[in-house]
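Dear colleague,

I am handing over the structure below, with the sequence alongside. Please keep both open while you read the notes that come after.

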Amino acid sequence: MVQRFILNETSYFGPGARKVLPEVIQRLGKKKALVVTDKGLIQFGVAKMVTDVLDEAAVAYDVFSEVKPNPTVKNVQDGVAAFKASGADLLVAIGGGSAMDTAKGIGIVVANPEFADVVSLEGCAPTKNKSVPMVALPTTAGTAAETTINYVIIDEEKKKKMVCVDPNDIPAVAMIDAELMYSLPRGLTAATGMDALTHAIEGYITKGAWEMSDMFEIEAIRMISRYLPVAVDEPQNPEGRNGMAVAQYIAGMAFSNVGLGLVHGMAHPMGSLFDVPHGVANALLLPTVMEYNMPECIDKYPRIAEAMGVDIKGLTPQEASQAAVDAVRALAIRVGIPQHLSDLGIKESDIPALAEQAIADVCTPGNPRDCSLEDIKALYRQVL
Ligand SMILES: NC(=O)c1ccc[n+]([C@@H]2O[C@H](COP(=O)([O-])OP(=O)(O)OC[C@H]3O[C@@H](n4cnc5c(N)ncnc54)[C@H](O)[C@@H]3O)[C@@H](O)[C@H]2O)c1
Ligand SMILES: [Fe+2]
């Protein structure tokens with residue numbers, strides 16, 4: 001079997017990495033940037049930490065901040081208009097998955113105008129041209145959108161999250177600067193960190209996983225279980241923040257290339273229909289879906305338990321696998337993730353609509369255990 005692995009051309013890591021930005025822009029030969037970010041990041045002064053670097057180096061830029069969490073087709077189309085109006089030749093994405101995914105949509109549509117409707121980009125669209133070059137600076141330690149070939153946009157008409165998978169969208173340069181994450185509030189640190197853990201676990205057990213992706217995912221699981229509680233409890237702790245920043249990137253390097261599974265398939269409709277933050281949806285579902293997948297993962301779950309610091313000596317594979325699920329559930333509870341859909345305002349009568357979207361989601365076929373619509377409804381009911 002032939003395996004494909006796509007990664008950023010160049011990435012920078014470490015607190016303060018953003019300071020290399022002017023040098024990178026010069027090397028790319030670009031003249032003006034469109035900064036894509038969101039209102040929260042402007043309010044918290046995070047976008048300014050990056051634009052200050054541009055100002056000091058007299059790099060020209062405009063700012064587009066019309067990005068909402070769980071971004072929409074309209075956000076992308078407004079961004080395309082802003083890019084054209086500004087005369088920019090480079091995108092600088094500053095934010096979590098929402099800002100980076102919007103920037104990816106903008107970059108793809110500008111370079112491939114036949115996809116201006118955005119909705120035709122769902123799945124694996126046959127775009128011909130690489131995105132406008134993009135430098136991506138994550139401000140959450142979660143999605144790893146700075147290194148993945150995916151972006152997720154809501155189709156408002158169908159009230160549905162579209163997962164777009166396109167090697168042409170990968171940012172040319174990623175800057176993993178933990179200082180941009182110090183202001184992330186506790187709840188968002190927990191939720192985005194659990195999103196990263198979900199990437200690592202689903203990327204580890206997905207049907208497409210192989211030795212190279214396993215190597216990344218198991219290290220990401222180890223780092224996240226070690227550093228997430230530190231980042232949640234001590235937001236200014238450089239070791240905790242940098243550990244999470246690097247761990248979520250490592251998880252992304254692999255899952256971007258091998259896919260995810262049912263947790264993401266079931267989390268996406270919770271975002272599109274109920275605006276549940278992506279990481280919260282994943283974290284709430286993860287242990288229960290892991291239990292459902294256990295028959296197919298009995299060789300891999302013990303490795304997850306070990307990576308999370310559980311001593312599995314003397315345990316049967318079944319017991320060690322259950323220990324992995326228990327460790328994941330304990331971590332979610334430890335960092336304050338809600339445990340029931342009803343805590344989020346979701347009712348029993350909402351389950352059929354959620355399940356219909358989940359079974360059709362691009363991530364679901366990657367799940368190690370094949371599932372039916374009825375299985376998915378039963379899983380939602382289990383966490384109701
Ligand atoms: N591209 C991918 O591969 C991929 C993978 C997983 C998820 N996603 C998508 O990414 C989106 C979620 O992204 P996210 O979880 O990173 O959150 P987000 O980008 O939606 O941000 C959530 C909130 O956090 C705020 N915020 C972000 N960084 C901050 C900081 N440092 N300080 C203070 N506030 C800050 C933002 O202003 C926003 O209000 C979803 O749409 C999800 O579907 C994409
Ligand atoms: Fe995710």
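The notes below take up helix packing and then empty space.

This is a predicted model, in which local features need pLDDT of at least 70 and side-chain atom pairs count only at pLDDT 80 or more, whereas totals for chains, interfaces and linings use all residues. Residues are numbered from 1 along each chain as its sequence is written, chains are lettered from A and ligands numbered from 1 in the order in which they are written, and side-chain values use heavy atoms, with hydrogens and water left out.

Helix α6 (residues 186-205) packs against helix α12 (residues 317-334) at an angle of about 165°, and their axes are 11 Å apart; helices here are DSSP runs (H or I, at least four residues) numbered from the N terminus, and axes are lines fitted to C-alpha atoms over the stretch in contact, with angles from 0 to 180 degrees between N-to-C directions. α6 is therefore roughly antiparallel to α12 (angles over 145 degrees count as such, while under 35 is roughly parallel, 65 to 115 roughly perpendicular and the rest oblique). In this pair Met194, Leu197 and Ile201 of α6 meet Val328, Leu331 and Ala332 of α12, where contact means heavy atoms within 4.5 Å. By class, that contact has six nonpolar, no polar and no charged residues (Ala, Val, Leu, Ile, Met, Phe, Trp, Tyr, Cys and Pro count as nonpolar, Asp, Glu, Lys and Arg as charged, and the others, Gly among them, as polar).

Helix α9 (residues 262-274) and helix α13 (residues 351-360) pack at about 125°, with axes 8 Å apart, which means that α9 is oblique to α13. The contact of α9 with α13 has eight nonpolar, three polar and no charged residues.

As for empty space, one cavity of 30 Å³ or more was counted; a cavity is a set of points, on a 1 Å grid over the protein atoms alone, where a 1.4 Å probe fits but cannot get out, a pocket is an open set with protein on both sides within 12 Å along at least five of seven lines, and lining residues have an atom within 4 Å of a point. The largest cavity holds about 30 Å³ of space, and α6 gives the largest share of its lining, three residues. That lining divides into four nonpolar, three polar and one charged residue.

The second largest pocket has a volume of about 190 Å³, a volume being the space filled by probe spheres set on the grid points, which are joined across faces, edges and corners. Its lining comprises 15 residues, of which Glu9, Lys130, Ile170, Pro171 and Ala172 lie nearest its centre.

With best wishes

Technical notes:
Helix = DSSP H or I, 4+ residues; strand = E, 2+ residues; numbered from the N terminus.
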